[in-house]
Amino acid sequence: MGDIFSSLGLVVVGIAAFAAVIGGLYWLASQLPEPWRERARTVVFLGPGLLLLLGLVLPALINFRLAFYDRNGDWYGFGNYRDIFTSSNNIEVLMNTLWWGILVTGASTVIGVVIARFADRMRGEPIAKAAIFLPTAISMVGAGIIWNFVYSPREYGLLNSMIGLLPGEQDIQFFLQDSKLLGIDNQWIPGLNSLLIMVVIIWIQAGFATVVISAALKGVPDDLVEAAKIDGATDRQAFFRVVLPYIKGTIITVVTTIVIAVLKIFDIIQTMGKGGSFGTSTMANEMYEQAFPQDNEGLGAAWAILLFLAVAPIIYVNARNQRAMRGAR
Amino acid sequence: MTTTADIPLIATPTAAKDETPVMTKVANYTNKGMGKYIVWAIAALWTVPTLGLLISSFRPEDDIKTTGWWTWFTEPGNVTIDNYTTVLQDKVAGRPFSEFFWNTLQIAIPGAIIPISVAALAAYALSWMHFKGRDTLSVFIVALMVVPLQMCLIPLLRYLFAASWFPNALSGTPSIWIAHSIFAMPLAIFLLKNFIGALPSEVIEAARVDGASHMSIFVKIVLPLSVPAIASLAIFQFLWVWNDLLVAKVFGGGAANQPMTYALVDMVGNKGNEWQLLTAGAFITMIVPLIVFLSLQRYFVRGLLAGSVKG
């Protein structure tokens with residue numbers, strides 16, 4: 001394994017095997033007499049999908065049960081949930097996740113609106129937007145490395161070099177290690193390390209927000225804005241009172257999408273927060289850390305349930321909103 | 001819905017482009033003046049971190065470690081591709097980094113093709129085959145989008161992929177394919193059913209009357225007509241799998257099956273100051289997504305939007 005031929009060989013074999021199984025089953029189904037033939041064909045079409053979905057439904061149900069057991073596999077009742085809400089470490093994790101949801105979503109959406117508004121019909125608009133959108137394609141792990149480089153305490157760390165340009169004697173900052181926001185150590189406010197990692201996700205998500213909002217802005221009828229201006233609205237009023245309400249559905253899509261992505265943030269904490277050290281852990285990261293490295297499946301499962309409870313309503317809102325928008329079109 | 005047999009998207013940039021050449025009819029609520037400077041400032045700010053890494057990846061090791069990459073503009077130093085050749089040979093968990101590149105490819109291609117094929121078959125069945133409980137089943141599948149994949153990790157590992165009865169032939173890379181397929185299923189079925197279900201029924205019915213079987217309708221009519229939806233979904237899923245760390249880490253077993261994201265995290269942990277390796281390594285992982293991004297931006301945006309409800 002590990003070279004192009006064996007890789008692509010496995011790929012071809014895997015896909016061919018899949019096609020052969022489906023084709024073979026369909027052929028078998030076609031040999032049956034009616035009315036069985038039609039039913040069997042339906043099973044061949046639907047079966048693989050349902051089988052995979054079973055791999056989603058059963059584990060999700062089992063997960064509810066697992067969350068009632070402790071690390072030794074003994075019955076623990078609601079103990080895991082109690083541990084989550086009473087330990088100050090875990091409260092920090094919950095608060096971090098909350099701050100992630102608020103700050104990253106807020107900042108990304110606002111930047112998206114600002115860029116979409118000012119770049120609209122600007123010369124060089126596609127280039128500027130592509131530059132802002134590009135980070136969306138990069139993996140969180142790659143993004144983590146890019147920003148570790150920016151935050152480095154060494155000579156090549158861009159942020160420290162810029163701090164060094166400030167007047168007066170400046171200390172080197174050891175970002176992402178044990179730095180605190182203004183020296184404050186408090187579980188209710190996000191630590192400097194978390195804020196620095198949030199910047200990275202804002203960097204990624206703002207591009208998404210920009211592209212989506214920008215597309216929506218271009219769909220706002222010119223007449224609508226003109227009518228508002230004839231009625232005496234200023235540019236600013238026209239934007240905030242006419243254009244923004246018009247694209248409300250899109251804004252909801254953007255906000256819910258970013259919230260969902262952010263609540264499940266994991267990779268970047270692994271790369272930049274060294275697996276959640278230095279007060280950077282979030283719910284999804286804690287779920288992984290507890291279940292796998294710490295080998296406490298019950299607690300990991302409980303974190304997963306909390307994540308589900310947090311994400312499910314937002315996905316519901318998102319899906320309903322998309323459906324409403326499709327209906328309106 | 002009119003004729004828009006489309007993925008549920010808001011206007012796409014390309015769709016919008018067709019409508020806006022009326023530049024002269026300026027209904028311009030945009031401030032002239034400061035606005036464009038803000039845009040360019042942010043665009044520049046957004047580019048700097050990536051640019052810094054790109055430049056650094058072509059600088060010799062000593063230069064990277066002693067001076068900032070920005071000094072390269074004022075006193076252009078040496079340019080080298082040594083970092084790239086070195087990192088490809090560099091051992092991560094006892095394996096050369098290049099091996100992880102092939103692993104990623106080997107995970108990502110079937111990791112996109114399998115779930116989309118399965119979902120397309122299911123979407124066809126849910127749209128055009130008649131059986132009892134079809135609509136209830138469709139609603140149930142869509143509702144499954146709310147299950148975050150994190151909820152399934154532990155039970156899937158314990159009762160399926162790490163269970164004693166699980167066939168050895170499917171462990172490692174195939175396990176990652178299966179896991180990605182499982183997690184992709186609700187969204188993929190949802191999107192493809194929206195599209196395939198909206199195809200004109202006259203076409204399908206006419207083919208049925210002519211005696212075409214479901215499989216030939218699916219292969220000869222439905223698949224070709226669904227190319228836009230499948231392309232967007234495929235790009236989203238491919239990049240999702242390509243950039244994934246969590247699923248591979250949990251289900252992939254040892255380092256032999258792991259993708260580049262795993263190797264990079266390992267390098268950050270063990271060789272955090274070896275920037276000549278990290279910069280080049282990070283860029284190698286980004287090459288494919290960037291090519292996809294730059295060449296297929298239109299589908300990329302649609303895919304991203306369509307995938308926004310992924311659980």
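Why is α9(B) largely enclosed by the rest of the structure? In this predicted model, 24 of the 24 residues of α9(B) are buried, so the helix is largely enclosed by what surrounds it. Helix α9 of chain B covers residues 173–196 and carries a kink of about 50° at Met185(B). If you follow the chain along, the proline Pro186(B) comes shortly after that kink.

Let's turn to where the two chains meet. On the chain B side, 99 residues are in contact with 103 residues of chain A. Helix α6 of chain B, residues 97–128, gives the most to this side, contributing 15 residues. The residues with which chain B touches chain A divide into 72 nonpolar, 23 polar and four charged.

Chain A offers a nice helix pair to look at. Helix α9 of chain A (residues 222–230) packs with helix α10 of chain A (residues 235–246) at an angle of about 155°, and their axes are 10 Å apart. Angles over 145 degrees count as roughly antiparallel, and α9(A) and α10(A) are therefore roughly antiparallel to each other. Their crossing is right-handed. The residues that make the contact are set out by helix below.

| Helix | Residues making the contact |
|---|---|
| α9(A) | Leu224(A), Val225(A), Ala228(A), Lys229(A) |
| α10(A) | Ala238(A), Val242(A), Val243(A), Tyr246(A) |

By type, the residues of this contact between α9(A) and α10(A) divide into seven nonpolar, no polar and one charged.

How values were computed:
Residues are numbered from 1 along each chain as its sequence is written. Chains are lettered from A and ligands numbered from 1 in the order in which they are written. This is a predicted model: local features need pLDDT of at least 70, side-chain atom pairs count only at pLDDT 80 or more; totals for chains, interfaces and linings use all residues. The bend at a residue is the angle between axes fitted to the seven residues ending there and the seven starting there. Helices (H or I, at least four residues) and strands (E, at least two) are DSSP runs, numbered from the N terminus. A residue is buried if 20 or more other C-beta atoms lie within 10 Å of its own, exposed if 12 or fewer, and partly exposed in between; C-beta atoms are placed from the backbone. Two residues are in contact if their C-beta atoms, placed from the backbone, lie within 7 Å. Ala, Val, Leu, Ile, Met, Phe, Trp, Tyr, Cys and Pro count as nonpolar, Asp, Glu, Lys and Arg as charged, and the others, Gly among them, as polar. Axes are lines fitted to C-alpha atoms, for helices over the stretch in contact, and angles run from 0 to 180 degrees between N-to-C directions. Angles under 35 degrees count as roughly parallel, over 145 as roughly antiparallel, 65 to 115 as roughly perpendicular and the rest as oblique. A crossing is left-handed if the near helix is turned anticlockwise from the far one by less than a right angle, and right-handed if clockwise.
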